[in-house]
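Open the model in your viewer and keep the selection box at hand. Each stop below says what to select and what to look for.

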Amino acid sequence: MIYFISDIHLGSLVMADPELHQQRFISLLRKMEQDATAIYLLGDVFDFWMEYYWPNERHFARFAPVIEALREAASRCEVHYFIGNHDLWMFGWLEKQTGVKMHYAPLTVDLYGKRCFLAHGDGLGSRDRLFLFLRAYFHHPVPQFFYRLLPPALGDRFGYAWAASSRRKELAHPLEYLGEKNEDLIRFARAHEESEHCDLYIFGHRHLELSFMLPSRANIHILGDFFRQYTYGVLSPDGVFSLEQDGLQEVETEDRNGVSVAFM
Ligand SMILES: [Mn+2]
């Protein structure tokens, strides 16, 4: 089996019990390890992650259990870690500690005979100029250099507060499906199909579960999240992809081309 999970947002200030949340993710990782040939973490695993020039003992102590679980998972199967828009400030520390393979850009790869396009998804197909500007700023080495100079306690306080403000907005108004013309990732995949065909597009970022088939028969899957919906994706060796929910049966998904598919 190959597993895909994104948007866990570990450490978020809006979690009622952040330790329990971390443990729930660790339990799922352990379950996946049983039959996984690979685990793909598609971004925003952490609600905020910054590797400063100084040691950040508090941060590392807080996430010691999940760091250890990632190390163990990576010793049993391939573990791929894609940066998201909350945990993009990875500069090699986590990779060195755990043995996960970091990805700083989307990846096209053959998995069980399926051509797969994998990415967190932020910025792809986006027409939101403010978001794109901020994204370019956050990815720029100059502001990164200055942020990394901050004392970790100060930088983290600001970073987690910033991240929590978007989580709070979202909990008040859960993100909704905008329709195929307005969903950036659908538009992105549609354009991508014109130059290169992939069988599967797997994304995170949107915090909603979605399966959508393009006329080229490419299937787009958006994974949901692991703080409210607790969903993740599974690709079986026969090339069948499904969305599942932790601790429950498979979740209902909607085929937006009109056929509603419910798994029980
Ligand atoms: Mn996210």
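## Stop 1: helix 6

Select Pro141 and Phe146: these exposed residues sit on the face of helix 6 turned away from its buried side. Exposed means over 50% relative accessible area, buried means under 20%, and partly exposed falls in between (1.4 Å probe, protein chains only). Helices (H or I, at least four residues) and strands (E, at least two) are DSSP runs, numbered from the N terminus.

Before going further, note that this is a predicted model, in which local features need pLDDT of at least 70, side-chain atom pairs count only at pLDDT 80 or more, and totals for chains, interfaces and linings use all residues. Residues are numbered from 1 along each chain as its sequence is written, and side-chain values use heavy atoms, with hydrogens and water left out.

Now add the buried residues of helix 6 (residues 141–149): Pro143, Gln144, Tyr147 and Arg148. They lie on the same side of helix 6, because they cover an arc of only 135 degrees around the axis. The arc is that of the directions from the helix axis to the C-beta atoms. The general rule helps here: an α-helix has 3.6 residues a turn, so residues three or four places apart point the same way. Show helix 5 and helix 7 too; the buried residues of helix 6 pack against both.

## Stop 2: Asp156 in helix 7

Move on to helix 7 (residues 152–172) and select Asp156. Which side chain of opposite charge is nearest to Asp156? That is Arg62, 5.8 Å away, and Asp156 is buried yet has no salt bridge. A salt bridge is a side-chain nitrogen of Lys or Arg within 4 Å of a carboxyl oxygen of Asp or Glu. For charge, Lys and Arg count as positive and Asp and Glu as negative; His and the chain ends are not counted.

Select Tyr52 next. Its side chain makes a polar contact with the side chain of Asp156, at 2.7 Å. A polar contact is a pair of N or O atoms within 3.5 Å; within protein, one must be able to donate a hydrogen and the other to accept it, and residues adjacent in sequence count only if both atoms are side-chain atoms. Leaving aside neighbours within four places in sequence, Asp156 is in contact (heavy atoms within 4.5 Å) with Phe48, Tyr52, Asn56 and His59.

## Stop 3: the manganese ion

Centre on the manganese ion. Its protein donors are Asp7 (OD), His9 (NE2), Asp44 (OD) and His207 (NE2), lying 2.0 to 2.3 Å from it. Asp7 lies in the loop between strand 1 (2–5) and helix 1 (18–33), and His207 in the loop between strand 7 (200–203) and strand 8 (209–213), so the pair ties together parts that are 200 residues apart in sequence. Along the chain, the donors follow the spacing D-x1-H-x34-D-x162-H. Donors are N, O and S atoms within 2.8 Å of the metal (3.2 Å for Na, K and Ca); water is not among the atoms, so sites may look incomplete.

Colour by accessibility. Asp7 is buried at 0% relative accessible area. His207 is buried as well, at 3%.

Stay in the loop between strand 1 and helix 1 and pick Leu10. Leu10 is buried, at 0% relative accessibility. Not counting residues up to four places away in sequence, Leu10 touches His21, Gln22, Phe25, Val45, Phe46, Asp47, Phe63 and Val66.

## Stop 4: salt bridges

How many salt bridges are there? The count comes to 13.

- Select Arg76 and Glu33, whose side chains meet at 3.3 Å, N to O, in a salt bridge. Arg76 lies in helix 3 (residues 64–76) and Glu33 in helix 1, so the pair ties together parts that are 43 residues apart in sequence. Glu33 is buried, at 7% relative accessibility.
- Select Arg135 and Asp122, a salt bridge at 2.8 Å, N to O. Arg135 is in helix 5 (residues 129–139) and Asp122 in the loop between strand 6 (114–119) and helix 5, 13 residues apart. Asp122 is buried at 6%, whereas Arg135 is partly exposed at 29%.
- Select Arg115 and Asp110, with closest N and O atoms 3.1 Å apart. Asp110 is exposed, at 51%.
- Select Arg24, Lys31 and Asp246, linked in a network of salt bridges.

## Stop 5: strand 3

Finish at Glu78 in strand 3 (residues 78–82). Glu78 is partly exposed, with a relative accessible area of 46%. Measure C-alpha to C-alpha to Ile39: the two are 6.3 Å apart in space and 39 residues apart in sequence.
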